[in-house]
Amino acid sequence: MFETLSDRLTSVFSSLRSKGRLSDADIDATTREIRIALLEADVALPVVKTFVAQVKERARGAEVSQALNPAQQVVKIVNDELIEILGGETRRLRFAKTSPTVVMLAGLQGAGKTTLAGKLARWLRDQGHAPMLVAADLQRPNAVQQLQVVGERAQVAVFAPEPGSGVGDPVAVARRSIDEARRLNHDVVIIDTAGRLGIDQEMMKQAADIRDAVRPDEVLFVVDAMIGQDAVTTAQAFMDGVGFDGVVLTKLDGDARGGAALSVRHITGRPIMFASTGEKLEDFDAFHPDRMASRILDMGDILTLIEQAQKTFDEEQAAKMAGKLTSGENFTLDDFLEQMMMVQKMGPIKNLLGMMPGMGQMRDQLNSIDDRDLDRIAAIIRSMTPGERQDPKIINGSRRARIAAGSGVTVSAVSNLVTRFFEAQKMMKRVAGGMGLPGMPGGRGKASKAQKKAKKGRRVSGDPRKAGLEKSASSSPDGEGGAPKAGGVLGNLGGKLPPGIELPPGFDPSKLKLPGQK
């Protein structure tokens, strides 16, 4: 969503990095570009003015003029101000002292309230709560049926005593739901209310009546992040007519400019609490202002990536797989398939890579990634016999033709997969062996064995000058051809001369005295 804004800000900061000091003209030019970038992202004008004024004031202060790297300090200032505009600290859901906690959703029709109700219920269920959805949108056709389907997918209870589609009293349904939740021991009640295509008095009155009837602990305003400046107008109207405690942004995965996310909190004074980033029920999480600011500035979102990995990967399974990875040879195609399936559970590969710092500069490559390629790889592996997965070396030409026919791909695709797998195995073996480098696990031992073997077959040169040098090298303290003892001048050459260079006859380097030697 913030691709355009991120690209503009990244280009602004890249032009600053070549400057040792920032003049007033540099600061004015930078803030002008930031203002244009925010306006192009559809951020509300009052928010842009406040943001740019704060950045300019801090950029002209001592924290930039005295900084070792003024450009990085400006990036830090913009990051801090973005976090402030987005709400500062993460706002958590407030739970009632006595169950149930009542959460009421309000917003325009088409903002995604019903789907979001299911996402919130699923998120709460994963947190260990027992939520119940309430179908209080009795105006929109089939809204009740939609909530029941969403509740079934989220594996949460749905209270829907009225058929809807214009039949039933939403205020009475909301009031009855509280008693029903107490009776069935549900600790959270999520009330889905009706919306309209635009602001009108009837919708506002119904929402206010439901609020007065159930006295919710949290009223969440659901807003479509793709509607731009209208989001601010709608939010202000709901704030005046009903009031709300927090904002939920939907459709953050869209291709709109995203100005609503930067505007709603500043205009209404209410924090953004949750964000929906996709169509699936699991594409939902608490809104973290610092992480969103980091994404906008193309600094990645490693914390969210780690959290998603922790949710997906089992610790024991991960430890077992780590052992196989370090051994190299024990890593089979079955293990590879298992790892690939786990990564797919974390979400689209494009989104995962997009959380890495600096990936905004590779957006074209990220956009070309197709998750269906992983499905094709899975189909190839599943078309193999258990023996072929354990030992891909037995896959000959006829086997490759059979696997290709079974998975619906070409023979060359099967060959490429097997070849890449062998290359990955070799790489893991090199990493596990330390690649022969001293200090790496397994590296020094292998190197010393090779050197010992080489020593056995060493031939002494017939030239007494060369023989003396070789003897001096072999008698070094480490015994591996290191530097000669103190006093020599060939220590930096490891006791050996470069190829093609010889010492003059009778020359003894040990008798040389350098300045400062006695």
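Of the 518 residues of the protein, 42% count as buried. The structure is a predicted model, and its secondary structure comprises 23 helices and eight strands. The accessible surface amounts to about 27500 Å², with 52% of this area belonging to carbon and sulfur atoms. Among contacts between residues at least 6 apart in sequence, 70% join residues at least 24 apart.

The eight strands form an open sheet with mixed pairing, in the order 3-2-4-1-5-6-7-8. Strand 3 (157-159) and strand 8 (284-286) are the edge strands, each pairing on one side only. From one strand to the next, the twist averages 25 degrees. Within the sheet, strand 1 (residues 101-106) and strand 4 (residues 188-193) run parallel and are joined by five bridges. In this pairing, Leu105 has Asp192 of strand 4 as its bridge partner.

Two helices that lie across strands of the sheet were examined. Helix 9 (residues 201-214) lies across strand 1, strand 2 and strand 4, and runs at about 175 degrees to strand 1. Helix 6 (residues 113-126) lies across strand 1, strand 2 (131-136), strand 4, strand 5 (218-224), strand 6 (246-250), strand 7 (272-276) and strand 8. The angle between helix 6 and strand 4 is about 170 degrees.

The length of helix 6 was compared with the expected value. At 1.5 Å a residue, its 14 residues should span 20 Å, and the end C-alpha atoms are 20 Å apart, which agrees. Helix 6 is mostly covered, with ten of its 14 residues buried. The buried residues are Lys113, Thr114, Leu116, Ala117, Gly118, Lys119, Leu120, Ala121, Trp123 and Leu124. The helix is followed by Gly128, which has a positive phi near 100 degrees.

Gly118, a residue of helix 6, has a relative accessibility of 0% and therefore counts as buried. Not counting residues up to four places away in sequence, Gly118 touches Leu133, Val150, Ala154 and Leu281. Its C-alpha atom is 8.2 Å from that of Val156, a residue 38 places away in sequence.

The contact between Gly118 and Leu281 leads to the loop between strand 7 and strand 8, where Leu281 is placed. Leu281 has a relative accessibility of 6%, so Leu281 counts as buried. Outside the residues up to four places away in sequence, Leu281 touches Thr115, Gly118, Lys119, Arg122, Val150, Arg153 and Ala154. Val150 and Ala154 also appear among the residues touched by Gly118. The C-alpha atoms of Leu281 and Ala121 are separated by 9.4 Å, while the two residues are 160 residues apart along the chain.

Aromatic contacts were considered next. A pair of aromatic rings is described by the distance of the centres and the angle of the planes. The count comes to six aromatic pairs. One of these is the pair of Trp123 and Phe284, which is edge-to-face, with 6.4 Å centre to centre and 80 degrees between the planes. Because Trp123 lies in helix 6 and Phe284 in strand 8, this pair ties together parts that are 161 residues apart in sequence. Trp123 has a relative accessibility of 15%; the limit for a buried residue is 20%, so Trp123 counts as buried. Phe284, at 7% relative accessibility, likewise counts as buried.

A further pair is formed by Phe221 and Phe238, which is tilted, with 5.1 Å centre to centre and 40 degrees between the planes. This pair links distant parts of the chain, with Phe221 in strand 5 and Phe238 in helix 10 (residues 229-241), 17 residues apart. Phe221 and Phe238 are both buried. In addition, ring pairs link Trp123, Phe274 and Phe284 into a cluster.

How values were computed:
Residues numbered from 1 in each chain as written. Predicted model: local features only at pLDDT ≥ 70, side-chain atom pairs only at ≥ 80, totals over all residues. Heavy atoms only, no water. Helix = DSSP H or I, 4+ residues; strand = E, 2+ residues; numbered from the N terminus. Buried < 20%, exposed > 50% of the residue type's maximum accessible area, 1.4 Å probe, protein only. Contact = heavy atoms within 4.5 Å. Areas by Shrake-Rupley, 256 points an atom, 1.4 Å probe, with all protein chains shown as cover. Pairing = 2+ DSSP bridges. Axes fitted to C-alpha atoms, helices over the stretch in contact; angles between N-to-C directions. Expected span 1.5 Å × (residues − 1). Phe/Tyr/Trp six-rings, centres within 6.5 Å; stacked < 30°, edge-to-face > 60°.
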